[in-house]
Amino acid sequence: MKKLIIFIFIFKIWALNILILNSYSPTLKWTSIQNHTLINILQKNIKNLHLYSEFMDTKKFKPTPELFSSYIHYLDTKYKNINFDIVVVTDDNALNFVRKYKNNHIFKHAKVFFEGINNLSLENTLDKTTYTGIFEKKNPLSNLSIAKKVQPNLHTVYVISDASTSGNKTITQYKNAFQNIKNIKFVYINTPNLNKLLNKLKNYDKNSVIMLLTFSSMKYNNYFISADQVAEILSKTYHEPILVHNDIYTNIPNTNIIGGDVTDAKQQATLNAKKILKYLSGTPIKDIPFELQNANRIYLNVKNLKKFGVDAYKLNIPNAIYINKLNSFYDLYKVQIITATIIFLITIIFLILLANKNREINKLNKGLEIKIKNAIEENQKKEQLLFQQSKLAAMGEMIGAIAHQWRQPLNSLALNIQLLVDDFFDNKVNNNYIEDFEKKNLNIINFMSKTIDDFREFFKKDKEKKEFNLMDVVIDVLKLIDKQLKNHNIELEIQGRGNNILGYKNEFKQVLLNIITNAKDALIAKNIKNAKISILVKDNKIIIEDNAGGIPPEIGNRIFEPYFTTKEEGKGTGIGLYMSKIIIEDHFKGKIYFKNTKDGVQFIIELKEKDDN
């Protein structure tokens with residue numbers, strides 16, 4: 001007891017340094033569960049703890065002597081001032097690495113706690129005064145027993161692994177376990193290439209199961225894919241039950257995995273953490289035995305077993321853990337319930353928005369019909385009307401352009417109202433005055449209303465191709481943007497004559513608007529004096545030219561790429577010219593390109609006359 005008190009006192013004064021060295025990447029679910037479980041338990045129970053995690057990623061980088069040499073150099077450099085008290089290793093490669101460099105200064109005085117070790121021969125060779133932990137002892141015969149219950153006429157068992165270090169050890173364990181079984185054919189496939197695996201399973205035995213061992217990732221069509229993707233793709237080719245030996249694979253969606261007698265990542269980490277705490281409480285490491293059995297559990301995937309006509313609860317497997325259960329009306333009809341709920345909610349939201357929209361439009365129409373009685377009332381009504389119009393305009397992209405189109409009419413209305421007040425006090429207001437006032441201002445309001453109609457028509461999606469004249473659409477687009485050009489003192493020149501084209505008129509308008517807007521923005525951004533945009537319409541061709549300096553050669557071949565923009569962040573999305581190219585080339589079977597000129601750039605659009613495609 002006295003020795004234990006002294007030990008705890010020392011660790012309270014000096015910090016405890018623990019390194020968790022993982023064989024694989026933190027993106028691997030198994031490794032992530034091991035690492036986080038260890039960290040949570042140790043941090044909760046140990047004070048003055050300095051805890052470090054490293055990931056060797058040996059699934060991606062083969063554990064060669066050269067890799068080990070580089071990695072010990074990396075650790076030496078990073079932890080040159082640290083001597084670890086405890087090193088926790090997960091899976092075989094990390095343990096092999098620490099054993100190789102145990103005399104290195106960062107490991108020399110450390111006790112080693114391992115988990116997930118497939119090399120069972122180490123049970124008889126490891127120094128038990130330095131090493132203890134959890135061996136990953138599989139239970140192939142238990143998995144075979146489950147397979148026979150699920151597939152009563154079992155003829156063939158496909159034992160599959162990914163040829164990794166752990167995979168090679170695991171498949172050896174399964175071969176040794178099955179070597180004396182004569183009435184079942186065992187086919188062993190050990191490859192990291194999913195294409196080869198699928199080819200070998202092309203004509204699989206229908207009275208069979210797969211025992212899927214280590215498959216954290218595999219190569220498929222020259223790309224590495226995740227374990228979940230491996231299981232999903234495998235299940236599309238192989239339609240019989242699949243058993244696994246690892247808990248993280250027991251419930252991958254869209255697969256035929258039915259579970260199995262598996263090693264449990266969280267259980268292993270929990271048992272290992274308890275061994276560390278026992279050691280820190282004063283128990284010598286030689287008195288903390290290796291763990292060979294208690295990290296295994298049997299998982300049964302209820303829903304996937306149901307696909308094969310098997311009731312998981314009637315398999316009578318003691319202490320089984322049931323997952324993916326179908327034990328309620330909601331579980332049975334989950335997709336249908338969620339789909340119906342979403343449709344219902346969308347319908348309610350749509351009806352609410354439609355009702356609000358109708359109320360707003362009704363208020364707007366009512367406000368426009370009310371005659372101006374006096375200056376104060378009109379001012380209040382104008383503010384309310386503008387508020388409603390702003391809410392409506394904010395719902396679409398037309399707000400910016402409408403603002404420019406309305407600026408002058410609104411100024412005129414405001415001026416007329418001010419004059420009304422002055423004339424009222426000067427006794428100039430009579431019946432004729434009021435009639436003239438009403439007529440003049442209703443004309444302004446009608447103009448504003450037509451502006452809204454123009455923009456609504458512009459942004460309306462075309463349902464079918466129609467014939468239109470190129471010069472007409474140019475003029476339509478310029479009606480929407482001419483105010484903005486004038487406000488920035490940009491001269492506009494239009495000339496030529498266009499042919500009739502068959503196509504989606506509003507889509508073509510959007511192309512023109514995008515190119516003209518880009519030219520306008522470039523002229524404004526570069527503060528060009530005598531800024532000018534010229535548009536030439538000639539038969540089936542439109543040329544839009546500006547004098548903003550042109551497009552730099554280094555970006556000329558990228559301007560039609562998606563998401564490429566030279567504008568400041570937040571002022572451009574980089575999809576305008578990309579979508580323009582798609583519209584012209586795919587929808588009109590035409591061409592769009594640019595040429596730099598002496599002072600700027602020309603964008604040229606060439607179309608087919610009355611294209612019927």
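This passage looks at a five-stranded sheet and at two helices, α2 and α9, in a predicted model. Residues are numbered from 1 along each chain as its sequence is written, and side-chain values use heavy atoms, with hydrogens and water left out. Because the model is predicted, local features need pLDDT of at least 70 and side-chain atom pairs count only at pLDDT 80 or more, while totals for chains, interfaces and linings use all residues.

The sheet first. Its five strands (DSSP runs of E, at least two residues, numbered from the N terminus) make an open sheet in the order β2-β1-β3-β4-β5, with parallel pairing; two strands count as paired if DSSP finds at least two bridges between them. At the edges stand β2 (49-55) and β5 (131-135), each with a single partner strand, so one side of each has no neighbour in the sheet. From one strand to the next, the twist averages 15°. Strand β1 (residues 16-22) joins β2 through seven bridges in the parallel sense, and Asn 22 sits opposite Phe 55 in β2.

Now the helices (DSSP runs of H or I, at least four residues). Helix α9 packs on the sheet, in contact (heavy atoms within 4.5 Å) with β1, β3 (86-90), β4 (111-117) and β5, and its direction makes about 165° with that of β4. Angles run from 0 to 180 degrees between N-to-C directions, and axes are lines fitted to C-alpha atoms, for helices over the stretch in contact.

Helix α9 (residues 265-280) also meets helix α2 (residues 29-45): their axes come within 8 Å and cross at roughly 30°. Residues in this contact include Trp 30 and Leu 38 of α2, and Ala 269 and Ile 276 of α9.
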